[in-house]
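Reader: I would like a close look at one residue, and then a walk outward from there to the rest of the model. Please explain each term when it first comes up.

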Amino acid sequence: MRIVFMGTPEFAVPSLERLIADGYEVAGVFTQPDRPKGRGNRLTPSPVKVCAAAHGIPVFQPERIRRDGVEDLKALRPELCVTAAFGQILSQEILDIPPMGNINVHASLLPRHRGSAPIAHAILQGDKKAGVTTMMMDKGIDTGDMLLRAETEIGETETCGELTERLSRIGAELLSETLKRLEAGTLERIPQNEAEMTYDPMLEKEMGEVDFSRTAGQVRGQINGLNPWPCASVPLPEGRLKLLRACETDEGGEPGTVLRADPKSGLIIACGERAVRILEVQAPGGKKMRAEDYLRGHAMQAGTRL
RNA sequence: CGCGGGGUGGAGCAGUUUGGCAGCUCGUCGGGCUCAUAACCCGGAGGUCGGGGGUUCAAGUCCCUCCCCCGCAA
């Protein structure tokens with residue numbers, strides 16, 4: 001089967017690799033244009049581009065595929081399109097090109113968490129389970145009929161980055177199974193229950209501001225769910241301290257109060273309900289470290305209000 | 001040449017402004033105290049201060065250069 005793949009970040013790479021490994025003819029790959037990134041603002045190719053190039057697959061990077069990618073896509077004559085975190089919305093014109101349709105690998109248990117940051121929001125909202133759903137794309141955003149799904153437990157201290165990595169592999173496996181059954185003609189299309197759907201917004205830096213008057217569960221979700229980007233953080237005199245990983249704990253106090261802060265008992269901060277234990281932090285200019293290590297070199301008084 | 005922070009015993013930091021015996025909180029090893037302990041007391045080991053070059057009687061500290069790490073902005 002002749003396939004065109006569309007994807008951009010690391011999450012999409014295992015799916016692309018799986019298509020190749022399964023022996024499908026990947027005629028071309030669409031991905032976001034190289035962007036200035038990191039120190040020095042160097043132009044950086046997306047992970048999917050790097051992967052495609054390594055396999056000698058033609059890469060297309062239209063700024064807007066709806067506007068200037070249509071002809072290239074048509075010329076590739078795909079029988080099927082597969083997308084995974086591509087980052088651009090496809091027009092009906094594009095969706096109509098592949099005769100077998102467009103299959104999307106979406107990192108949530110649809111219809112929950114439609115949108116571009118489903119994994120972060122699953123953690124943010126305190127979900128116990130996350131997953132991947134394969135679906136037929138239609139004109140809406142993540143609204144098409146579902147095909148197959150795979151579930152996994154979200155770990156108590158698991159971060160968005162870690163869960164993303166796991167789901168990317170689960171997604172690749174699910175995609176493989178989906179295509180197998182598509183060819184065998186045993187796929188069922190399951191419409192999404194609109195009553196249960198949630199649509200989550202894109203992540204923004206402002207979401208990192210921690211409000212300790214919320215419950216420990218919500219604060220924990222914010223800290224773990226926003227890692228590695230944009231990350232929850234609290235202001236300190238020397239700059240913002242990123243809180244990278246946390247779990248809940250049974251203590252209490254005035255919300256925002258540092259209940260403990262020493263290398264022995266760690267860093268515990270009171271929330272509106274119960275408290276969170278901060279497991280991992282990153283100081284301004286420093287690297288990630290366990291909270292206990294941070295406290296060996298940075299005095300923090302118990303009783304301080306954040 | 002986009003802006004900025006940093007590299008000091010095993011971990012995390014101070015010391016660099018104004019050169020002058022390398023320090024703090026832990027860990028580790030040995031001993032003590034205790035019913036007991038991640039607690040407390042006593043003692044010890046462990047560092048070519050990221051690499052190279054230079055200035056100086058003397059460089060972690062000043063000058064030049066290279067390497068590595070991190071944040072911001074995108």
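Author: Start with E93, which is partly exposed at a relative accessible area of 42% (buried is under 20%, exposed over 50%, and partly exposed in between, with a 1.4 Å probe and protein chains only). The model is predicted, so local features need pLDDT of at least 70 and side-chain atom pairs 80 or more, while totals for chains, interfaces and linings use all residues. Residues are numbered from 1 along each chain as its sequence is written, chains are lettered from A and ligands numbered from 1 in the order written, and side-chain values use heavy atoms, without hydrogens or water.

E93 sits in helix 5 (helices, H or I of at least four residues, and strands, E of at least two, are DSSP runs numbered from the N terminus). Leaving aside residues up to four places away in sequence, E93 touches V70 and K74 (contact means heavy atoms within 4.5 Å). E93 and V70 are 23 residues apart along the chain, and their C-alpha atoms are separated by 8.0 Å.

Helix 5 covers residues 92–95, and the loop between strand 6 (80–84) and this helix holds A85. The phi angle of A85 is near 50°, which is a positive value in a residue other than glycine. A85 has a relative accessible area of 35% and is therefore partly exposed, and E93, at 42%, falls in the class called partly exposed too.

From here, move along the chain to strand 7, where H106 lies. H106 is buried, because its relative accessible area is 5%. A polar atom of the H106 side chain lies 3.4 Å from the backbone oxygen of G115, which is a polar contact (a pair of N or O atoms within 3.5 Å; within protein, one must be able to donate a hydrogen and the other to accept it, and residues adjacent in sequence count only if both atoms are side-chain atoms). Not counting residues up to four places away in sequence, H106 touches H113, R114, G115, P118, G131, V132, T133, M135 and D142. G115 thus appears twice around H106: in this list of touching residues and as the partner in the polar contact.

Strand 7 (102–106) is followed by a loop that leads to helix 6 (118–124), and P111 has its place in that loop. The peptide bond from L110 to P111 is cis, with omega near 10°. Another cis peptide bond joins N227 and P228, where omega is about 20°. P228 is found in the loop between helix 8 (216–225) and strand 10 (232–236).

Next comes N41, in the loop between strand 3 and strand 4 (42–44). Like A85, N41 is a residue other than glycine with a positive phi, here near 55°. N41 counts as exposed, because its relative accessibility is 58%.

N41 also leads to the RNA. There are 19 residues around RNA strand B, and N41, K205, G286, D293 and R296 are the closest (near means a heavy atom within 4 Å). Of the RNA atoms within 4 Å of the protein, 55% belong to sugar or phosphate, and the rest belong to bases.

Which elements supply at least two residues each to the surface near the strand? They are strand 3 (35–37) and helix 9 (291–297). Helix 9 gives the largest share, with 4 residues.

Several side chains come up to the backbone of the RNA. An N or O atom in the side chain of K242 is 3.3 Å from a phosphate oxygen of RNA strand B. For K264, a polar side-chain atom is 3.2 Å from a phosphate oxygen of the strand. Q282 meets a sugar or linking oxygen instead, with a polar side-chain atom 3.2 Å away.

Last, consider the chain as a whole. Chain A contains 9 helices and 15 strands. Its C-alpha trace spans about 65 × 45 × 30 Å along the principal axes. The chain has 306 residues, and 50% of them count as buried; H106 is one that is buried. Among the contacts in chain A with a separation of 6 or more, 64% are between residues 24 or more positions apart.
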